[in-house]
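Reader: Please give me a close look at one part of this model, the charged side chains, and place it in the rest of the chain. State the cut-offs as you go.

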Amino acid sequence: MSQIPTVTIDAVPDPIPDELSVLDVREPVEWAHGHIDGAVHIPMNELPDRLDEVGGGQTLFVCKVGGRSGQVVAWLAEQGYDVVNLDGGMLDWEAAGRPMVSDTGQPPQVF
């Protein structure tokens with residue numbers, strides 16, 4: 001298996017530049033509790049049917065800890081997409097104090 005393109009939270013610019021898309025592959029309930037503002041939400045199991053929504057430039061993929069997004073990045077990288085996985089996922093994002101938004105009416109949290 002080839003190397004999965006991966007970055008740590010320290011390598012992700014704050015704020016995220018416009019040329020870097022963020023795609024969250026977590027389940028809807030996880031997304032609702034807290035996600036990166038401006039990220040696109042495509043649950044992992046929906047991705048094969050929604051590939052047209054993956055941007056043309058570099059895309060940072062996130063999930064809770066980096067496992068699901070790592071699988072997605074490995075698959076997409078083999079197909080020639082410019083993709084990178086966030087090692088530590090949303091748990092590291094939250095721990096680093098990076099901004100999040102919530103759809104629940106409550107303060108954002110990683111669920």
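Author: Helices (H or I, at least four residues) and strands (E, at least two) are DSSP runs, numbered from the N terminus. The model is predicted: local features need pLDDT of at least 70, side-chain atom pairs count only at pLDDT 80 or more, and totals for chains, interfaces and linings use all residues. Numbering starts from 1 along each chain as its sequence is written, and side-chain values use heavy atoms, leaving out hydrogens and water.

The protein has 3 helices and 5 strands, and their order from the N terminus is β-β-α-β-β-α-β-α. For 111 residues the globule rule (2.2 Å times the number of residues to the power 0.38) gives 13 Å, and the radius of gyration, taken over C-alpha atoms, is 13 Å, so the protein is as compact as a globular protein of that length. Along the principal axes, the C-alpha atoms fill a box of roughly 40 × 30 × 25 Å. Buried residues (under 20% relative accessible area; over 50% is exposed, in between is partly exposed; 1.4 Å probe, protein chains only) make up 41% of the 111. Of the contacts (heavy atoms within 4.5 Å) with a separation of 6 or more, 63% join residues 24 or more positions apart.

Now the charges. Counting Lys and Arg as positive and Asp and Glu as negative, with His and the chain ends left out, the protein has 5 positive and 18 negative side chains. With each charge placed at NZ of Lys, CZ of Arg, CG of Asp or CD of Glu, the centres of the two sets lie 6 Å apart. The structure holds 5 salt bridges, each a side-chain nitrogen of Lys or Arg within 4 Å of a carboxyl oxygen of Asp or Glu.

Three of these bridges can be followed by residue. One of them joins R26 to D24, at 2.8 Å from N to O, and both R26 and D24 are buried. D24 sits at the end of strand 2, which spans residues 21–24.

The other two share R50. R50 pairs with E46, with the closest N and O atoms 2.6 Å apart, and R50 also pairs with E53, where the closest N and O atoms are 2.8 Å apart. The result is a network of salt bridges that links E46, R50 and E53. In this network R50 counts as partly exposed because its relative accessibility is 21%. E46, at 32%, is partly exposed too, and E53 falls in that class with 35%. The pair R26 and D24, by contrast, is buried.

Beyond the bridges, another charged residue worth placing is D18, in the loop between strand 1 (6–7) and strand 2 (21–24). D18 has a relative accessible area of 79%, so it is exposed. Its C-alpha atom is 12 Å from that of G55, which is 37 residues away along the chain. The loop between strand 1 and strand 2 also holds P15, and the peptide bond from D14 to P15 is cis, with omega near 5°.

T59 gives a view of the interior. T59 belongs to strand 4 (residues 59–62) and, with 1% relative accessibility, counts as buried. Leaving aside residues up to four places away in sequence, T59 touches L20, S21, L23, V54, D82, V83 and V84. Among these partners are S21 and L23, which fall within strand 2, along with V83 and V84, which fall within strand 5 (83–86). One charged residue, D82, is on the list as well.

Two loop positions complete the setting. G38 lies between helix 1 (28–33) and strand 3 (40–41) and counts as exposed because its relative accessibility is 67%. The C-alpha atoms of G38 and L23 are 9.1 Å apart, with their positions 15 residues apart along the chain. Q79 is in the loop between helix 2 (67–78) and strand 5 (83–86), and Q79 is partly exposed, with a relative accessible area of 42%. From Q79 to Q106, 27 residues apart along the chain, the C-alpha separation is 39 Å.
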